[in-house]
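Good morning, and thank you for joining this group meeting. I should like to take you through one structure, moving from a single residue to its pockets and then to its aromatic rings.

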Amino acid sequence: MVENYLVNPYTPGAGKMPKYLAGRKQILEEAFKLIAAIAYGFTARSVIYYGLRGVGKTVLLNEIEKMADEKNIRYEHIEIAEQYSFKRIIALAINKLMRKISAKENIRQHAEKALSVLKAFQITYGQDGDVSLGIDPDILKAEGIADTGDFQNDLTELLLSLGALAEKANIGTILFIDEIQYLRDDEFAALISAIHRIEQKGYPVVIFAAGLPKIAKIAGDIKSYAERLFQFIQIDSLTEQAAELALSEPAKKLGVTYHQEALAYIVNITEGYPYFLQEYGRQVWDFVNSEKEITLDAAQQAYDKFIEQLDNGFFKVRHDRATAKELEFMKAMVKCGSLPCSTNQIAHEMGRTPPNISPLRAQLIHKGFIYATSRGEVDFTVPQFDQYLKRLYSI
């Protein structure tokens, strides 16, 4: 057993930074180039990372924020939720960005103009008396700009005013948006249109976003030019080599080594998914021997505890959000035998017709449980969720 004073080096959790970020070097290098461009006042192509739950999309956003700090970029991080007011949170984020940029000397006149546009937007879309929050009462709202009630037009005007201010201040600006798949279609359309105009104007403002696999298709369906406007970058499980490093490097800092058989066993069980690797690492830490080694026997001893933690935490919190009908649909997916599963197969397992289960399919996609892998086929957004349902319901 490892001495008690040694800290467990693994950090499973939503968006928690691992002690060693494995397998993402090229992605981060490309992000750094983009940040360097806007730091010098150039425009750049925005990025959307997409992938299953637990692959580290939020971790990437957090790491890129560190790069932004190093380049003196102004940024705000927002997270979309199923129940939210996007109009309110985007106004608040831009409010904070404008005030950060306005702190720079010699741009007071430009700052007041931008804030007047923001004030018009907040008055138009504000809720519960939070309009013009934090804006100097002496600044009058702009008339006829960002106050038309047409959200696509008004959001575009608002982001253009932010872009103009950033250009005058010679400060790059980033909006980080997590869980972007929860945007409603009209909101996503407005955001895409606004970013399109920002890019056309050459302003140093970009978006780094993260979402589930369905986001690329949604964006393309909403605006045909979305695939040219954004870089859609898939984030997947780690390669075998990277997965082994994700386990071995944090342990190495504390003088603990893995036997190769133990690494191979854990990587096989976790399929290289970063969250699972961190959780397994945390559990196997209790089985380190007196020589500060993690053996195959230790990895096998930790398996039951690893599964217990996943089932009672990672999987359960998602399972409990589903209705009885939605669970019936997902259990039918498991009974298909292999994934992805066709809607026809699911309907057959449920004893219903494909049109009859279509609303359930749409609900599950909207709530982020499943995604369409291709026309007529779906899979789970959570890795190994089918195995969890098999254990839970003895399917």
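**A residue, two pockets and the aromatic rings**

Let me begin with Thr 173, which is placed in strand S3, residues 173-178. Please keep in mind throughout that we are looking at a predicted model.

Is Thr 173 buried or exposed? Its relative accessible area is 1%, and since buried means under 20%, Thr 173 is buried. Which residues, then, surround Thr 173, once neighbours within four places in sequence are left aside? Thr 173 is in contact with Ile 38, Ile 73, Arg 74, Leu 97, Ile 101, Leu 162, Ala 166, Pro 204, Val 205 and Val 206.

I turn now to the pockets. The largest pocket holds about 660 Å³ of space. Its lining consists of 31 residues, and those nearest the centre are Gly 13, Ala 14, Gly 15, Gly 54 and Tyr 275. Three elements give two or more residues each to this lining: helix H2 (57-70), helix H11 (274-284) and helix H13 (303-319). Of these, which gives the most? H11 does, with four residues. In terms of class, the lining of the largest pocket comprises 15 nonpolar, eight polar and eight charged residues.

The second largest pocket has a volume of about 300 Å³. Here 15 residues form the lining, with Lys 113, Leu 160, Ser 161, Ala 164 and Tyr 203 nearest the centre. At least two lining residues come from each of helix H4 (108-125), helix H5 (151-169) and helix H6 (185-201). H5 has the largest share, at seven residues. The classes in this second lining are seven nonpolar, two polar and six charged.

My final topic is the aromatic rings. How many aromatic pairs does the structure hold? There are 19. One of them joins Tyr 10 and Trp 285 in an edge-to-face arrangement, with 6.1 Å from centre to centre and 70° between the planes. Why does this pair tie together parts that are far along the chain from each other, 275 residues apart in sequence? Tyr 10 lies in the segment before helix H1 (25-39), while Trp 285 lies in the loop between H11 and strand S7 (293-294), so the pair links parts 275 residues apart. Both partners count as buried: Tyr 10 has 4% relative accessibility, and Trp 285 has 5%.

A second pair, Phe 314 with Phe 315, is also edge-to-face, with 5.4 Å between centres and 70° between planes. Phe 314 is buried at 6% relative accessibility, and Phe 315 is buried with a relative accessible area of 1%.

Phe 314 and Phe 315 belong in turn to a cluster linked by ring pairs. The other members are Tyr 273, Tyr 275, Phe 276, Tyr 280, Phe 306, Phe 380, Phe 385 and Tyr 388. Tyr 275 has already appeared among the residues nearest the centre of the largest pocket.

Lastly, which charged residue lies over the face of Phe 314? It is Arg 318, at 4.4 Å from the ring centre. Elsewhere, Lys 87 lies over the face of Phe 151, at 4.6 Å from the ring centre.

Thank you for your attention; I shall be glad to take questions.

How values were computed. Residues numbered from 1 in each chain as written. Predicted model: local features only at pLDDT ≥ 70, side-chain atom pairs only at ≥ 80, totals over all residues. Heavy atoms only, no water. 1 Å grid on protein atoms, 1.4 Å probe; cavity = no way out; pocket = protein on both sides within 12 Å on 5 of 7 lines; lining within 4 Å. Points joined across faces, edges and corners; volume = space filled by probe spheres on them. Nonpolar A, V, L, I, M, F, W, Y, C, P; charged D, E, K, R; others polar. Phe/Tyr/Trp six-rings, centres within 6.5 Å; stacked < 30°, edge-to-face > 60°. Buried < 20%, exposed > 50% of the residue type's maximum accessible area, 1.4 Å probe, protein only. Lys NZ or Arg CZ within 6 Å of the ring centre and 35° of its normal. Contact = heavy atoms within 4.5 Å.
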